[in-house]
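Colleague: I would like a close look at one part of the surface of this chain. Please keep the answer connected, and bring in other parts where they help.

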Amino acid sequence: MSSALSTSKRPIRRTSVTNRINETWKAMKANAISYLFVAPFLLVFSVFVIIPILLSVVLSFTYFNMVQPPTWVGFQNYLTLFLEDEVFLIAVKNTFFFAAITGPLSYMMCFVFAWLINELSPKLRTVLTLLFYAPSISANAFLIWTVMFSGDAYGYVNGILLYWGILDKPILWLQDPTWMMPIVIMVVLWMSLGVSFLTFIAGLQGIDVMYYEAGAIDGVGNRWQELWYITLPLMKNHLMFGAIITITNSFAAAGQLQALTGDTPTDWATWTIMQHLNDYGYVRYEMGYASAMAVLLFLTMVGVQRIVQRLLRKIG
Amino acid sequence: MKLRISNRRLARSVGGDILVFIVIFAMAAFMSLPFVYTISQALKPLNEIFLFPPQFFPRHPTLDNFSDLFLLMAQSWVPITRYLFNSLLIVLGGSAGNVIFGSLCAYALAKHDFPGKNLINSAILLSLMFAGAVLVIPHYLTMAYLSWIDSLAAIIIPAWGGTLGVFLMRNFIEHMVHDSLIEASRIDGASEFKIWWRVVMPIVKPAWLTLIILNFQTLWGDPGGQSTLFLYREELKPLPYALSQIIGGGVGRAGVSAAVTVILMVVPITIFIINQSQIVQTMGTSGITGE
């Protein structure tokens with residue numbers, strides 16, 4: 001059986017269909033143990049992830065208000081989104097702007113800080129990892145920023161700027177469209193050292209020292225060369241993982257934005273696709289319409305992921 | 001461990017090191033704001049919490065908020081230990097299942113070659129990018145169909161299918177476990193299951209320790225208000241729910257609510273610290289050299 005597992009490269013022969021089915025069936029039988037390994041996860045994954053996703057794709061072509069049974073409407077939801085829903089178009093613009101800034105920046109922050117921390121002594125590293133990770137571990141702690149940027153003279157930021165004489169009257173930081181987006185972006189970046197950051201740290205820890213030794217012998221002279229020629233190529237898998245997490249987080253951002261700038265932000269300045277989706281899903285109970293947005297958001301993320309994947313291949 | 005650090009210092013300049021330290025510590029100070037703020041809120045007496053203009057640090061620190069909280073917890077209709085038990089069951093059951101199912105699957109995906117593997121790989125990748133919010137209704141219908149409504153299974157078992165786990169474990173297994181090692185174990189007559197448990201899992205310890213942290217944090221925090229969605233009986237509710245009920249008592253409970261935030265933060269942080277120090281230790285002992 002051991003040989004079957006390692007040498008089961010299926011020959012790709014352009015023979016008859018039945019022949020190919022037979023070949024596949026043979027390969028499947030030879031690898032029965034692999035299916036046993038995959039089965040438990042796959043069962044739960046199908047029931048709670050795959051089937052619900054397929055269901056919502058179907059729902060996106062229906063009108064479904066969660067009370068009456070869904071009725072088929074074809075592409076109506078998609079047409080309405082692009083032709084009639086002006087707020088959705090604003091949300092699309094905001095989401096792309098938000099993602100284009102927070103995505104790359106938070107991704108780089110995750111890697112750079114993981115990389116810098118990695119060289120410190122173990123105890124110091126644990127403490128710093130905890131501190132950096134803190135904003136994402138303490139769920140509601142970002143609400144401290146609403147106190148900081150409170151619109152009256154008693155908000156910390158207004159208070160200081162007035163005291164220093166930089167401002168002569170307080171700014172409505174979270175209600176003024178010129179300031180809302182920058183502040184939201186800053187807060188989201190502040191709490192972005194999360195899943196990817198931890199994965200990068202674990203990944204860096206997993207790199208065998210001998211690679212660096214070999215590199216030093218081969219003439220790697222400074223930390224930048226070491227990073228580009230040794231560390232990054234060895235981290236490729238983790239970099240892709242981090243990229244996907246970052247893409248998902250930045251395109252599907254909603255909660256923090258809504259908590260900071262309210263349920264109906266001024267001029268919809270910080271309204272994102274995900275907030276629009278939640279609004280239709282949970283407030284107006286139009287599940288078909290919300291599902292259509294989920295499908296579009298999904299396609300967008302897949303597209304971006306493909307581009308990022310291509311870029312990551314060029315490393316090293 | 002000593003050897004490792006001295007080796008890592010091969011390509012470093014002193015100037016660069018100093019710059020790195022400055023950047024790291026400036027950042028650390030900025031990032032620690034939530035800790036400092038939450039703890040200082042919890043130590044303020046009630047009248048200072050509502051002080052205008054707001055004060056960052058308490059003037060007369062007190063532990064009254066905590067003693068008030070424990071008093072309220074003792075009066076709870078369902079004993080508070082029951083909520084704690086539910087939370088622990090959810091967190092431990094959910095994490096364990098996710099790590100075990102996830103790494104079993106990840107091992108096969110990383111090191112076996114079988115028909116359908118690519119399909120599973122891309123399904124896992126793609127599913128990460130679908131907005132979870134619209135899945136709530138299908139989830140509810142599934143739970144109702146399985147008659148898992150009002151049972152902890154509705155929260156624990158879906159966690160086992162968490163995609164993040166397989167994805168993460170697969171990356172690490174692919175990268176850190178050399179094929180030659182697996183080949184050698186097979187020649188020695190080890191079963192695939194034994195190879196997974198005895199060879200693969202010890203090497204990728206940093207990965208599953210990280211996964212435990214991530215799972216613990218999500219499940220502990222009651223993601224998407226699942227406890228209100230699927231659980232109706234009071235004695236099945238998790239601790240964060242019970243504590244949020246205590247907070248719900250109005251502005252008079254602001255001090256207590258700050259204490260609650262601290263308590264809810266302490267548990268994931270403890271797990272985090274234990275785990276991180278383990279990650280560091282593993283790397284010293286894995287002793288795997290190249291092919």
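Which residues gather in a patch of positive charge on the surface?

Modeller: The model is a predicted one. The patch of positive charge on the surface is formed by A:Lys236, A:Arg306, A:Arg310, A:Arg313 and A:Lys314. Among these, A:Lys236 belongs to helix α13 of chain A, which runs over residues 236–251. A:Lys236 has a relative accessible area of 31% and is therefore partly exposed. A patch takes residues with over 30% relative accessible area and no salt bridge, so A:Lys236, at 31%, meets the accessibility cut-off.

Helix α13 of chain A also holds A:Ser250. There the relative accessible area is 7%, so A:Ser250 is buried, while A:Lys236 in this helix is partly exposed. From A:Ser250 to A:Trp190 the C-alpha distance is 13 Å, and the two residues are 60 apart in sequence.

The surface has a nonpolar patch as well. It consists of A:Phe75, A:Leu79, A:Phe82, A:Leu83 and A:Leu89, and together these have about 540 Å² of accessible area. Helix α4 of chain A, residues 76–83, gives the largest share of this patch, with three residues. A:Phe82 sits in helix α4 of chain A. Its relative accessible area is 45%, so A:Phe82 counts as partly exposed.

A phenylalanine in another helix gives a contrast. A:Phe132 is part of helix α6 of chain A, residues 122–137. Its relative accessibility is 0%, and A:Phe132 is therefore buried, whereas A:Phe82 is partly exposed at 45%. The C-alpha atom of A:Phe132 is 8.6 Å from that of A:Phe113, and 19 residues separate the two along the chain.

Helix α10 of chain A, residues 195–205, is mostly covered, with ten of its eleven residues buried. The buried residues of α10(A) include A:Phe197, A:Leu198, A:Phe200, A:Ile201 and A:Leu204. A:Ser196, A:Thr199 and A:Gln205 are also among the buried residues of this helix.

As for the wider layout, the domain assignment of chain A lists domain 1 as 1–30 and domain 2 as 77–312. Between the C-alpha centres of domain 1 and domain 2 of chain A the distance is 45 Å.

To return to your request, the positive patch brings together A:Lys236 with A:Arg306, A:Arg310, A:Arg313 and A:Lys314, and A:Lys236 lies in helix α13 of chain A.

Key. Residues are numbered from 1 along each chain as its sequence is written. Chains are lettered from A and ligands numbered from 1 in the order in which they are written. This is a predicted model: local features need pLDDT of at least 70, side-chain atom pairs count only at pLDDT 80 or more; totals for chains, interfaces and linings use all residues. Side-chain values use heavy atoms; hydrogens and water are left out. Patches are made of residues with over 30% relative accessible area and no salt bridge: like charges are joined within 9 Å, nonpolar side chains (Val, Leu, Ile, Met, Phe, Trp, Tyr) within 5 Å. Accessible areas come from the Shrake-Rupley method with a 1.4 Å probe; for residues, only the protein chains shown count as cover. A salt bridge is a side-chain nitrogen of Lys or Arg within 4 Å of a carboxyl oxygen of Asp or Glu. Lys and Arg count as positive and Asp and Glu as negative; His and the chain ends are not counted. The place of a charge is taken as NZ of Lys, CZ of Arg, CG of Asp or CD of Glu. Helices (H or I, at least four residues) and strands (E, at least two) are DSSP runs, numbered from the N terminus. Buried means under 20% relative accessible area, exposed over 50%, partly exposed in between (1.4 Å probe, protein chains only). Domain bounds come from an automatic or database domain assignment.
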